Amino acid sequence: MKRGLVCFVIVLCALLGVSSDVFAGDNAPVLSRIVTSGTLRVGTSGSQPPFTVVSKSGKLIGYEIDLANMLAGAMDVKLELVQKPFAELLPALEKGEIDAVMSGMTMTPKRNLQAAFVGPYMVSGKSILTK
């Protein structure tokens, strides 16, 4: 698990650092903005259990929240979770309001044209059944 996380962090950092169309308002690359601000802003819907969900106490919890915390820890920055409706996450990423999306988002050809995916960190095994 730890080796996979390290690889995930390296790939994510590389993509954030070299992606030419992922810029903040000050035209600095996303990775530079994260390092300068000391904060990684991760967008999540909070409505994709068990990946991201709001607990009874109002706190965001789940697999992706844990992963986001580990990612921020590995980057030695503070994590800021930004909760938005699922449909608003990619537009928020494009506008630079958030640095990454972690909300049960599946890679699709259309989404791959909008953002750089860091490959799947989970394969569900879901499939279509028929008789």
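E97 and K84 pair up in a salt bridge, with their closest N and O atoms 3.4 Å apart; the term here covers a side-chain nitrogen of Lys or Arg within 4 Å of a carboxyl oxygen of Asp or Glu. The two residues sit in distant parts of the chain, 13 residues apart: E97 in the loop between α4 and β6, K84 in the loop between β5 (78–83) and α4. Those element names come from DSSP runs, numbered from the N terminus, with helices being H or I of at least four residues and strands E of at least two. E97 is partly exposed, at 36% relative accessibility. For reference, buried means under 20% relative accessible area, exposed means over 50%, and partly exposed is what lies in between (1.4 Å probe, protein chains only).

A word on the model: it is predicted, so local features need pLDDT of at least 70 and side-chain atom pairs count only at pLDDT 80 or more, while totals for chains, interfaces and linings use all residues. Residues are numbered from 1 along each chain as its sequence is written, and side-chain values use heavy atoms, leaving out hydrogens and water.

Now for the full set. The salt bridge rule gives a count of three:

| Pair | Closest N to O distance |
|---|---|
| D99 and R33 | 2.3 Å |
| D99 and R41 | 3.0 Å |
| E97 and K84 | 3.4 Å |

What do R33, R41 and D99 form through salt bridges that share partners? They are joined into one network. Take D99 and R33, whose side chains meet in a salt bridge. D99 lies in the loop between α4 (86–95) and β6 (100–101) and R33 in helix α2 (residues 30–37), so this contact ties together parts 66 residues apart in sequence. Both D99 and R33 are buried.

D99 also bridges to R41. That pair links distant parts of the chain too, 58 residues apart, with R41 in strand β1 (residues 39–44). D99 has just 2% relative accessibility, so it counts as buried, and R41 is buried as well, at 17%.

That brings us to β1 itself. How many of its six residues are buried? Six of them are, so the strand is mostly covered. On one side sit T39, R41 and G43, on the other L40, V42 and T44, and both faces are covered.

As for neighbours, two strands pair if DSSP finds at least two bridges between them. β1 runs parallel to β5, with six bridges joining them, and T44 stands opposite Q83 in β5. β1 is also parallel to β6, joined by two bridges; here G43 stands opposite V101.
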